[in-house]
Every structure is written in structure tokens, then in C-alpha cells.
Amino acid sequence: MIPTPDLSHLSRGDYDHVYEPAEDTFLLLDALEQDATELLRSRPLICLEIGSGSGCVSSFHSFSNYPPVYISTDINLHACRCTRRTGLQNKIPIDSILTSLTGALMHRLSHAVDVLLFNPPYVPTYSDEADDAQHDAGIAGAWAGGADGMQITNTVLQQVEPTADQSVQSLLSPTGRFYLVAVKENDVPGIRQRMLDEHRLQSQIVLQRRAGREHLFVVRFSRG
Amino acid sequence: MVRLITHNLLACHAKGCTSNNFPLQLKDVQVELRDAEYNADFLRGFISRIEWPALVDAARQLGDTSLPNEPPEMMDDDFLQKLHHVLLEIHIEEGAMICPNCAHVYPISNGIPNMLLAEHEIG
């Protein structure tokens, strides 16, 4: 069993600004643990987490014999700092970058990401609320997802794998895997169908769980 | 932290800046050295993902001249140790990275690179 990362260095004050790990976070950890053997076998070189928040997920992997480069992004400076500290606390060197989604990395990480992780702001809100939350780069940006909770996720989905128009840059390496957290309101079957039709990516639901009002999913996409 | 492995993966993404936007030039940097776990297999695998001249140039800007102009065909332990040090053990804590094309400045503070763009700079 892979231990849950040590977060004892983070305080209430940190969680005023940064999303505190909750059921969605732990479902993603459980999914990664379930896939750990396969992930290790694929010998990943680059792991990228978009929106790393506390750094709990980026600090979780244990590819002990073959440690990849862990790169994380967040638009919230507090989150970048927490991610960096959580990496240090758990002895995992995480390169924490202050940027929106994949900004500044698309150019060089084209077809280079072996493990892509995204626990997006998935809560359906008014569209303006999601825009404002990203603009403010505070804690609301961790959950406010706009229409169907998909406003931010849709932007990332377009970057994972090109459509028929090959001029679009994409992130996944030939053997890359993309783990996405979603809720029922996001229309998980719709996302999977769209990724298959438009991007030719196969997908599987790794885990799903009810937590309070939320029905959470972790979906894994790959070239099959 | 901005290790040279990270620097090798960052490019300017300001609106309209799509060529000559890599590598970012280092300016006024403060560096710390920290030991990292050596893994020869990882280095051998990762070398295909590196933009070699950019790495060599960045290392030389920081006073490390240990890497050859071209990666050698025989990657012996001596070479891999040098590569390990340059890629993973040199941490830029403070300073800035500047786009060679549009001169956009990306500050580095407390080891975190600020790659955010203003509203009008987003492509």
C-alpha cells in the first residue's frame, strides 16, 4: 500500500487559500494506487499535474525504482508554494510552476507527458463565476467549473491529444495516460464519447464513488 | 524549484510569440546546489526529451562547463554523473527568465517560476 502523503506541515491558514484534500483527491490517489503496477511498468519519464493545489497528488506516486520528473502547475501562488513544501516534506522533488493550466509547457511537452493528472474545478456554476475564479486565482478556482462544470476541463481536453487537425499541439506521449476526475453532472459518458470521436482516445472508468452529494469518477484516457 | 531540467521544458507563451521563444535566457540568478538521487536508467531515457544545446548553454551561463557540445554516443557513468548534476542538482531560487524573441520577463521567486501572462498577453 502506498502511504498517503504527509500533509502535517500545512495549516488551517494554508487551506484558507488552497483547496484542502477531500474525497475527490483521495479517489484519485486510490485510482493511481490501483494502477501503480502498470504505471511503473510503463517507465514514465514526465508526470504533469495540472492544478496541483496542496500538492497531495503529485507527492503520492512512488515509482521508487524509476523516479520520473514531476511537474505541477497552478494559477494560485499559494498552491504552488504548498505543492513545493509538500514535495519537500515527502522527499519528492516537484517542479512547481505558477501558470494557468499548461501555459509555457505546451511548446516543449508536445507528445512528451507520460502521466497527466487533472482534478479540475468540476462544480457546475454560472459561467462568469468560473471565469472570475480563474482570474482571481484563489481557492474558488479549485472548484468553480462554469457550465456543466466543464468550462476549464474542456480547455484541457483540447490539449491532451490533437484532433484530425495535426497542427494542434498535444501533451500525451505515445504511451501516455491521462487521469481525469469528474462528477456525474459533467456527463462522463459524453466526455468519453467525445474523446473517442474527436481525439481517438480510449478510456476507462478506473474508480467511482459516492461522497455526500457528489458522484465522483476517475477516468483514464490512453491511446489504447 | 527551477532546476535546469525544468528550464529546459519552459518556453515563452505570450500572444504571438511562437518562434525563437526557447530557451529562455537566465538573468540575475541565485543558485543553490542540492543532492538528488542518481538514476542512470532515468537519465538514459530522458536524454531524448532534452533540447541539448539549450541545456549546455544554460549550464555554462551558471558556470558549469562539464557538458560536451553534443551528447556522446557512449553514455558512460562519468558522463551520466555530470548530466545528473546539471539536470537535477542545480536549483535556481531567484532571478528571471527572459524570452529571446519578445523579451517578456518571467520572474523566479523562492524557487517558483512565474509564467503567468497579463490578460492582453494571452494568446
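Trainee: How far apart are the end C-alpha atoms of helix α4 of chain B, and why does that agree with 13 residues?

Mentor: Keep in mind that this is a predicted model. Helix α4(B) covers residues 77–89, and at 1.5 Å a residue its 13 residues should span 18 Å. That agrees with the distance between its end C-alpha atoms, which is 17 Å.

Trainee: And what covers the buried residues of α4(B)?

Mentor: Let's start with who is buried: F79(B), L80(B), L83(B), H84(B), V86(B), L87(B), L88(B) and E89(B). Helices and strands of chain B both help to cover them. Among the helices are α1 (4–7), α2 (40–46) and α3 (52–61), and the strands include β1 (2–3), β2 (25–33) and β3 (90–98).

Trainee: Over in chain A, which strands are the edge strands of the sheet?

Mentor: The sheet there is open, with 7 strands in the order β3-β2-β1-β4-β5-β7-β6 and mixed pairing. An edge strand pairs on one side only, so look at the ends of that order: β3 (94–98) and β6 (202–211) of chain A.

Trainee: Which residue of β7(A) does Y179(A) stand opposite?

Mentor: Strands β5 (172–183) and β7 (214–222) of chain A pair in the antiparallel sense, over 6 bridges. In that pairing, the residue of β7(A) opposite Y179(A) is R220(A).

Trainee: What angle does helix α7 of chain A make with β7(A)?

Mentor: Helix α7(A), residues 188–199, packs on the sheet and touches β5, β6 and β7 of chain A. Its direction makes an angle with that of β7(A) of about 15°.

Conventions: Residues numbered from 1 in each chain as written. Chains lettered and ligands numbered in written order. Predicted model: local features only at pLDDT ≥ 70, side-chain atom pairs only at ≥ 80, totals over all residues. Heavy atoms only, no water. Helix = DSSP H or I, 4+ residues; strand = E, 2+ residues; numbered from the N terminus. Expected span 1.5 Å × (residues − 1). Buried < 20%, exposed > 50% of the residue type's maximum accessible area, 1.4 Å probe, protein only. Contact = heavy atoms within 4.5 Å. Pairing = 2+ DSSP bridges. Axes fitted to C-alpha atoms, helices over the stretch in contact; angles between N-to-C directions.
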